[in-house]
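Reader: I should be grateful for a close look at a single part of this model. How is it lined, and what may be said of the elements that belong to the wider picture?

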Amino acid sequence: MKSIWMKLALAFMAVSASGILISTILSIKEMDLHFFYYISDVHRKHQADLLAMLREEYQQGHEWNERTFLKLDTASQLLKLKITVYDQEKQLIRTFGNTTTAHTKLQDDMIPVLVRGTPIGYLGIEHDNTDSISLEEHFQTAHTNALQWTMLALLVIVCTISIFIAKWMSRPIVNMSRAALAVTKGDLSVRVPLPKGKDELYDLVQTFNNLVHNLQKQEELRKRLTSDIAHELRTPLNTLLAQTEGMIDGIWKATPEHLEAARSDVVRLIRIVSDLDQVIQAEAGALSISLDVINLNQVVENIADSMNPSFQQKGIRLTVRLDNDVWILGDKQRLAQVFSNLLTNALKHTPESGEVIISVVKKERKVEVKVIDNGAGISPEDLPYVFERFYRGDRSRNREKGGTGLGLTIVKGIVEAHQGEISIESEVGKGTTVTITLPASESFS
């Protein structure tokens, strides 16, 4: 199988060789044509010079004498011509030169010698092209040889440059091919060097690197997910196992207090499984949503009222800012779950004497809900992954405070099921702002 650089090189060579060959052929043909024109011009010049000389000689003495014939003889020898002179009645006067070679070229019959428009005689010219043909052949051979050597040199240069350019152009693709092979074998740390010049290849390589980077992050999250699921399930299961075995062995009596502890672990397991089920449905876009016209202010106000004692107990001020009646199409229970989850997160991570604000604002055909706290904030490294399953930026914090790491994933799924959007802005030490945008109900807009 030919590599891509070889295919590119062969394509460049084929195009370049075709161009060089066509140029060479056209150059030879053009040179032959112009050389033919040159020979024809020389012959016409000789003819014009001879006619002018004959007219001048005749005008001086009203006839052609021996001096005229001597000039014609000299011209015939120098120019390799056979010159024949005729009188007014086309009777032969004299012939000069000898053209008996095979390359003799006959001129058209007789050329009239005119003085004031009247023929005073006629001139016949035959060209001996032996030397001219030899010169022409020599010139054509030299020209052809020069073009052939030039063509050969250009082909060598073109082949060399084509191979270099083809390798240079295909290097990012070859590198990506090798990197893709490494990725299929599980090496997600591989990256392709970015080519110089921001063109389509640069964008392709950058996209590939971003894809591998995201795959690496997803793989890390998958491993973390597996570990977290195992831990989340193992802790209550081990506790239940220990309690059950203690009861069987008679070490642990089945008192109402002990049974309540076992029930709490069962409830925790049920909550984890329920959350996982909701996450799977949310990611598959299969969350059960009932769309009814609801007043979003009432939903937010009810959740805030129910959670206000928890905020007061921790010494955190909960502020609710509501616009005029805001109506949307949505599921009241699912949206209550969203706001309860967001307020719970804000409560967990806001210090004593802090403040949490939840606001509802109508903006044209959109409704914007914000949950703002001045708590610990989220680091820039963790912020892009807060909606991932089981993701917890602070791995050291206890699970009771950190939760299962499924809450924001479920929130995002519920918001998107309502055709809405959710985003988070946060700064470490200053707090976090969660913004939810939902479409307003047209019936009450």
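Author: By class, the lining of the second largest pocket has 7 nonpolar, 1 polar and 3 charged residues (Ala, Val, Leu, Ile, Met, Phe, Trp, Tyr, Cys and Pro count as nonpolar, Asp, Glu, Lys and Arg as charged, the others, Gly among them, as polar). The model is predicted, with local features requiring pLDDT of at least 70 and side-chain atom pairs 80 or more, while totals for chains, interfaces and linings use all residues. Residues are numbered from 1 along each chain as its sequence is written, and side-chain values use heavy atoms, without hydrogens or water.

Lining this pocket are Trp168, Met169, Arg171, Pro172, Asn175, Pro193, Leu194, Pro195, Lys196, Asp199 and Leu201 (a pocket is an open set of points on a 1 Å grid over the protein atoms alone where a 1.4 Å probe fits, with protein on both sides within 12 Å along at least five of seven lines; lining residues have an atom within 4 Å of a point). Helix 3 (residues 130–184) gives the largest share of the lining, 5 residues (helices are DSSP runs of H or I, at least four residues, numbered from the N terminus).

Beyond the pocket, the count comes to 11 salt bridges (side-chain nitrogen of Lys or Arg within 4 Å of a carboxyl oxygen of Asp or Glu). One of them joins Asp41 to Arg44, whose closest N and O atoms are 2.1 Å apart. Both Asp41 and Arg44 belong to helix 1, separated by 3 residues, about one turn of the helix.

How values were computed. Helices (H or I, at least four residues) and strands (E, at least two) are DSSP runs, numbered from the N terminus.
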